[in-house]
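Student: I should be grateful for a close look at a single residue of this structure. Please begin with its surroundings and then extend the account to the rest of the model.

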Amino acid sequence: MTARDQFALVGRISGGRVIDPGSGLDSPADILIDERGRISRIGRSGSGASSVESDGDVLDATGMIVAPGFVDLHVHLREPGREDEETVASGSAAAARGGFTTICCMPNTEPAIADQETVRFVLDRALAAPGRVHPIGAITRDREGKSLAGIAEMVAAGAVAFSDDGAPVGSAGLLRRAMQYSRMFNVPIVEHCDMPDLSADGVMNEGLVSTKLGLRGIPPVSEEICLARDIALARETGAHLHAAHLSTAGSVEIIRRAKAEGVNVTAEVTPHHLILTDDLIARDFDPLYKVNPPLRTRRDVDALRQGLADGVIDCIATDHAPHAEQEKDGEFDLAPFGMVGLETALGVCVKALIETGLLDWPGLIDCLTRRAARAFHLAAGTITVGSPADLVLIDPDAQWRVTPESLISKSKNSPFLGWELTGVVRATIVDGRLVYQDFAAGSSLSTAARRERSVTSTAKR
Amino acid sequence: MTVSHSEQKVEARVKGGKTMPPPKAVADGAGGHDPAGPSESTPGRLRIRHLLGLEGVRREDIDLILTTAESFKEVLDRPIKKVPPLRGQTVVNLFYEPSTRTRISFELAEKRLSADVVNFTASASSVQKGESLRDTVKNILAMKTDVVVIRHPCPGAPHFLTRTTDAIVLNAGDGAHEHPTQGLLDIYTLWERWRSFSGRRVLIVGDILHSRVARSNIWGLLTMGAQVSVCGPTTLVPRPLSELGVEVFTDINCALEAGVDAVNVLRIQRERQSSDFLPSLREYSRLFGIDAARAARLRPGGLVMHPGPMNRGVEITSDVADGKASVILDQVTNGLAVRMAVLYLLCSGPSPAAVGTSGQ
């Protein structure tokens with residue numbers, strides 16, 4: 001029994017354009033879901049329209065895209081420690097609103113997710129969450145970068161990857177041991193690539209804009225040197241390195257070369273690095289634009305987009321980083337790094353990748369689903385008969401305006417407030433349950449009497 | 001004390017409401033004769049509402065500040081130095097960084113303009129400890145302050161104030177970003193002698209990377225039509241500067257050869273040595289220090305400036321600092337006039353509606 005069981009079961013999704021990059025499917029189709037919330041059939045649209053295999057609701061997805069639920073390899077849920085900013089449950093709800101059914105949460109909590117008890121704690125909290133939550137364990141004990149954390153025990157408890165995110169593992173020797181050790185469990189080592197003595201106390205990208213503003217810079221080379229070091233270690237140990245949130249054109253080239261060489265490396269990019277540039281800070285020093293790695297230049301944005309389109313970068317991950325309002329309302333220098341991103345990811349990616357012609361819908365969905373799941377070896381991100389029905393219904397042409405009130409996340413530190421985004425998540429389904437829906441905007445989602453039930457049951461929570 | 005005298009005199013003048021007399025009339029009220037000045041015919045209004053920096057400030061605005069400052073400078077030479085235009089207005093000086101001359105200069109300018117002055121000084125360390133600017137600002141707002149003069153170690157702190165208060169905000173230095181009144185007083189000091197910047201080259205020497213004075217000078221001087229060059233060690237001169245239309249030199253001899261009408265010598269902070277921007281101050285002094293031999297290579301009539309406080313014997317030698325080409329003390333005097341002008345003009349508001357009634 002999980003929190004999901006209180007949501008309405010969906011029996012059939014009919015009339016939508018089903019896009020599943022994993023199977024190459026892109027056609028109108030009906031999806032049938034059984035009583036256990038598993039996909040029981042994927043049929044031609046309209047075929048046997050009356051057959052429903054469970055007593056679940058029928059969702060009319062005409063005019064919509066039906067895709068695998070999105071997978072986010074990089075979120076910060078702030079629990080334990082900063083439950084005022086986000087919790088496992090609230091972050092998972094925000095994820096569902098953004099179309100994400102599976103999220104992986106970083107261990108930089110207080111205390112850090114650095115032992116099996118804390119992994120279990122997070123998984124226990126995830127029982128109250130609408131979506132799937134996989135903890136990422138710390139590489140080093142207490143995330144202090146001094147000695148190895150209990151990786152085997154954390155794997156056994158359910159951790160899917162390891163990272164000291166927020167910072168890299170400073171010691172090459174320790175990282176090498178972690179990589180060697182990780183190979184026994186085939187789990188990725190996720191690095192936040194940064195040389196602390198190069199980025200020092202920098203607060204934004206080092207370049208023309210930082211020169212104008214007098215803000216201390218974080219040079220692109222800080223990320224690139226650490227990435228190159230980590231790739232050298234991955235090459236030598238054979239471990240799987242996953243590079244978090246690439247931000248520079250140089251990093252894309254480093255990954256491109258490493259992959260060509262056959263190094264076991266994967267990489268992600270955030271929606272914000274695919275669209276925002278450092279000159280936004282010059283408007284009025286708004287800390288909402290303060291993020292680590294920092295927003296870079298147009299040239300970097302273009303290279304990251306191209307790298308994703310080329311497949312050099314494996315997937316999109318949000319680095320959803322909630323912060324309390326008072327912490328982001330003050331001096332740029334003193335504000336913490338990070339921005340929320342789960343709920344705006346789809347719309348921002350549509351703007352950055354589809355509207356620019358770099359990717360089509362199947363291509364974008366691939367980056368948000370199969371390619372992400374594959375990087376962490378997660379059984380998610382596809383629409384397969386017999387698998388749990390984790391799905392998202394997207395209204396591809398509908399628009400919405402980002403406001404603090406429109407965001408479900410406990411924190412509202414989004415740089416996209418005020419933006420008009422195209423591509424609305426109308427429904428998110430996990431285990432066959434309708435965990436999020438946006439019917440109000442006038443779509444023709446649910447049919448007949450079942451509509452009433454699904455609306456009220458969702459509203460009850 | 002002559003204060004009450006001047007205040008009484010002007011009371012009638014200010015009665016009309018928010019309309020403020022231009023400097024000419026102000027001077028008239030205080031002293032009794034008209035100072036000649038370009039501002040006589042046009043009681044102008046600035047286009048800016050706050051002075052956050054000189055980047056983006058239009059030439060007409062800088063011209064207006066210079067001519068207004070000239071009128072105020074004349075006032076400063078009178079026995080009665082106090083004039084009334086900020087009577088009834090409250091100015092708070094919010095200093096989060098130690099500062100002697102800038103704070104005194106602002107305070108004196110405010111008092112000369114008859115403002116009510118409140119000083120708030122916080123140590124930089126208390127800022128780091130989380131003493132929230134946001135909360136301080138809310139308090140200031142609650143006290144119905146009209147003008148906030150802020151010095152803060154974080155770039156953009158004055159911009160934050162404009163987002164969160166209705167007060168007029170004057171940046172008195174925000175980290176390494178800008179120090180617009182210093183830039184204006186440097187420009188005024190040159191303008192007073194040159195009147196036009198065309199064909200003039202100003203060389204800024206030193207730690208450009210960390211210097212708000214350099215940034216404000218660069219923006220202001222470029223707007224006024226001067227050529228601007230900078231010279232300093234490669235560790236302290238950001239490469240993107242050349243994209244701003246500034247000539248970048250790392251050899252002081254080359255920089256001087258290009259023909260320099262004024263050199264603005266920046267203070268070199270001793271901590272740059274410990275953080276490896278410089279191997280030693282001795283090397284800095286050897287490569288970039290302005291001594292008599294280097295000063296002699298300025299164009300005829302060339303000027304030497306320094307925003308202070310000086311490290312004599314490091315970035316500048318005493319014979320140059322106290323020599324004939326030095327205008328360093330003029331800068332201090334001009335700072336007062338320029339700050340009076342800026343305060344006066346900003347408090348007059350950007351509204352053109354008042355212009356018609358001000359020519360009394």
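**From one residue to the whole**

Tutor: L287(B) lies in helix α12 (residues 281-288) of chain B; helices (H or I, at least four residues) and strands (E, at least two) are DSSP runs, numbered from the N terminus. This is a predicted model, in which local features need pLDDT of at least 70 and side-chain atom pairs count only at pLDDT 80 or more, while totals for chains, interfaces and linings use all residues. Residues are numbered from 1 along each chain as its sequence is written, chains are lettered from A and ligands numbered from 1 in the order of writing, and side-chain values use heavy atoms, leaving out hydrogens and water.

With a relative accessible area of 48%, L287(B) is partly exposed, the class between buried (under 20%) and exposed (over 50%), with a 1.4 Å probe and protein chains only. Beyond its neighbours within four places in sequence, L287(B) is in contact with I252(B) and R294(B), where contact means heavy atoms within 4.5 Å. Another residue to locate is P233(B): although 54 residues separate it from L287(B) along the chain, the two C-alpha atoms are 8.3 Å apart.

Other parts of chain B also deserve attention. K144(B) is found in the loop between α6 (133-142) and β3 (147-152). The phi angle of K144(B) is positive, about 55 degrees, although this residue is not a glycine. Its relative accessibility is 65%, so K144(B) counts as exposed. Further along the chain, G308(B) and P309(B) are joined by a cis peptide bond with omega near -10 degrees. P309(B) belongs to the loop between β9 (303-305) and α14 (318-321) of chain B.

Helix α7 (residues 157-164) of chain B contains the buried residues A157(B), P158(B), H159(B), F160(B) and L161(B). Their cover includes elements of chain B, namely β1 (90-95), α6, β3 and β4 (168-174), together with α9 of chain A.

That last element leads to the interface. Chain A contributes 18 residues to the contact and chain B contributes 23 residues. T211(A), K212(A) and E331(A) supply 33% of the area that chain A buries against chain B, more than any other three residues. Together the two chains bury about 1700 Å², of which 59% is on carbon and sulfur atoms; buried area is the accessible area (1.4 Å probe) that two parts lose on being put together, summed over both.

Charged and polar groups also meet there. Between chain A and chain B there are four salt bridges, each a side-chain nitrogen of Lys or Arg within 4 Å of a carboxyl oxygen of Asp or Glu. One salt bridge joins D329(A) to R134(B), whose closest N and O atoms are 2.7 Å apart. On the side of chain A that touches chain B, helix α6 (residues 208-213) of chain A gives the most, with four residues.

Within chain A, the picture turns to enclosed regions. Helix α11 (residues 345-354) has nine of its 10 residues buried, so the rest of the structure largely encloses it. Among these buried residues are A345(A), C349(A) and I354(A). In the loop between β15 (315-316) and α11 stands D319(A), which has a positive phi of about 50 degrees although it is not a glycine. D319(A) is buried, at 6% relative accessible area.

A cis peptide bond is present in this chain as well: it joins N292(A) and P293(A), with omega about 0 degrees. P293(A) lies in the loop between α9 (281-284) and α10 (298-310) of chain A.

The final residue is N413(A), located in the loop between β16 (391-401) and β17 (420-430) of chain A. N413(A) is buried, with a relative accessible area of 3%. Its side chain reaches the backbone oxygen of A321(A) at 3.0 Å, and a polar atom of that side chain lies 3.1 Å from the backbone nitrogen of H323(A). Not counting residues up to four places away in sequence, N413(A) touches residues including L288(A), P322(A), K328(A) and V340(A).

How values were computed: A polar contact is a pair of N or O atoms within 3.5 Å; within protein, one must be able to donate a hydrogen and the other to accept it, and residues adjacent in sequence count only if both atoms are side-chain atoms.
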